[in-house]
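Me: I would like to learn how to read the features of a model like this one. Please take them one at a time, with the general idea before the case.

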Amino acid sequence: DYLFLTTYPAGVVLLARQWHARCAPVLPLALVTAAMLATAALDLLENMNFLALLAAAEQGHLPDASSVHWQVVGSGVKFHLSYAGLVLLGLAFPHTRTSERVLAGLLLFVQAPVGIAIHVAPPAFVAPLVFLRFAFFLAAFVLLVVMHAGAHRAAHVHAAAGSGVPA
């Protein structure tokens, strides 16, 4: 989780930088970036709280109902904030490349419905939905890497072609 926690905010910042370079509208870009960075902060707080609760339990101090309640509330807020930010991303960013269209489709038609279903589905369906959500996040992260690498490669080809330097 810590590896994921350190990589997805970086991915969002790289995407924002790339998106900004393509003259995308600033407000949706700022909202997506803010939502995802806030999600990362809440994710870090969630992890730190889990570690504190585990350390206390190792010392024989089990968490009380209030501690568990606020852990659940914090996790819910984190996930719903990420769902909102990712839906906005799916709606707002350019859909000119195949990878962008695939990612937008995953954001709108997989991530959001699965994320919401996790909170309302019967318990027997929750574990498979959580694995599906994990698979979505992994696929989306790979698509972001592919998109960034493709844009980076295209920028170098464009720069070399326009430089006047013989190839």
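Reply: Begin with a salt bridge, defined as a side-chain nitrogen of Lys or Arg within 4 Å of a carboxyl oxygen of Asp or Glu. Here the side chains of K78 and E46 form one, at 2.6 Å from N to O. This pair joins distant parts of the chain, with K78 in helix 3 and E46 in helix 2, 32 residues apart. This is a predicted model, where local features need pLDDT of at least 70 and side-chain atom pairs count only at pLDDT 80 or more, while totals for chains, interfaces and linings use all residues. Residues are numbered from 1 along each chain as its sequence is written, and side-chain values use heavy atoms, with hydrogens and water left out.

Me: Which residue other than E46 forms a salt bridge with K78?

Reply: D43 does, with the closest N and O atoms 3.3 Å apart. D43 lies in helix 2 and K78 in helix 3, 35 residues apart along the chain.

Me: How many salt bridges are there by this rule, and which residues are joined into one network?

Reply: The count comes to 3. One of them is between E100 and R97, at 3.4 Å from N to O. Salt bridges that share partners join D43, E46 and K78 into one network.

Me: Are K78 and E46 buried or exposed?

Reply: Buried means under 20% relative accessible area, exposed means over 50%, and partly exposed lies in between, using a 1.4 Å probe and protein chains only. K78 and E46 are both buried. K78 counts as buried because its relative accessible area is 7%, and D43 because its value is 3%. In the E100 and R97 pair, E100 is buried at 2%, whereas R97 is partly exposed at 33%. Of the 167 residues of the protein, 31% count as buried.

Me: How many helices and strands does the protein have?

Reply: Helices (H or I, at least four residues) and strands (E, at least two) are DSSP runs, numbered from the N terminus. This protein has 5 helices and 0 strands, and along the sequence its pattern reads α-α-α-α-α.

Me: At what angle do the axes of helix 2 and helix 3 cross?

Reply: Axes are lines fitted to C-alpha atoms, for helices over the stretch in contact, and angles run from 0 to 180 degrees between N-to-C directions. The axes of helix 2 and helix 3 (residues 65-92) cross at roughly 155 degrees and come within 9 Å. Angles under 35 degrees count as roughly parallel, over 145 as roughly antiparallel, 65 to 115 as roughly perpendicular, and the rest as oblique. Helix 2 and helix 3 are therefore roughly antiparallel to each other.

Me: Where is F93 found, and is F93 buried or exposed?

Reply: F93 is found in the loop between helix 3 and helix 4 (98-120). F93 is buried, with a relative accessible area of 2%. The C-alpha atoms of F93 and P25 are 8.6 Å apart, with their positions 68 residues apart along the chain.

Me: Which residues form a nonpolar patch on the surface?

Reply: Patches are made of residues with over 30% relative accessible area and no salt bridge; like charges are joined within 9 Å, and nonpolar side chains (Val, Leu, Ile, Met, Phe, Trp, Tyr) within 5 Å. Accessible areas come from the Shrake-Rupley method with a 1.4 Å probe; for residues, only the protein chains shown count as cover. Here Y2, L44, M48, L51 and L54 form the patch, with about 460 Å² of accessible area together. Helix 2 (residues 26-58) gives the most, with 4 residues. Y2 is found in helix 1 (residues 2-21) and counts as partly exposed at 38% relative accessibility.
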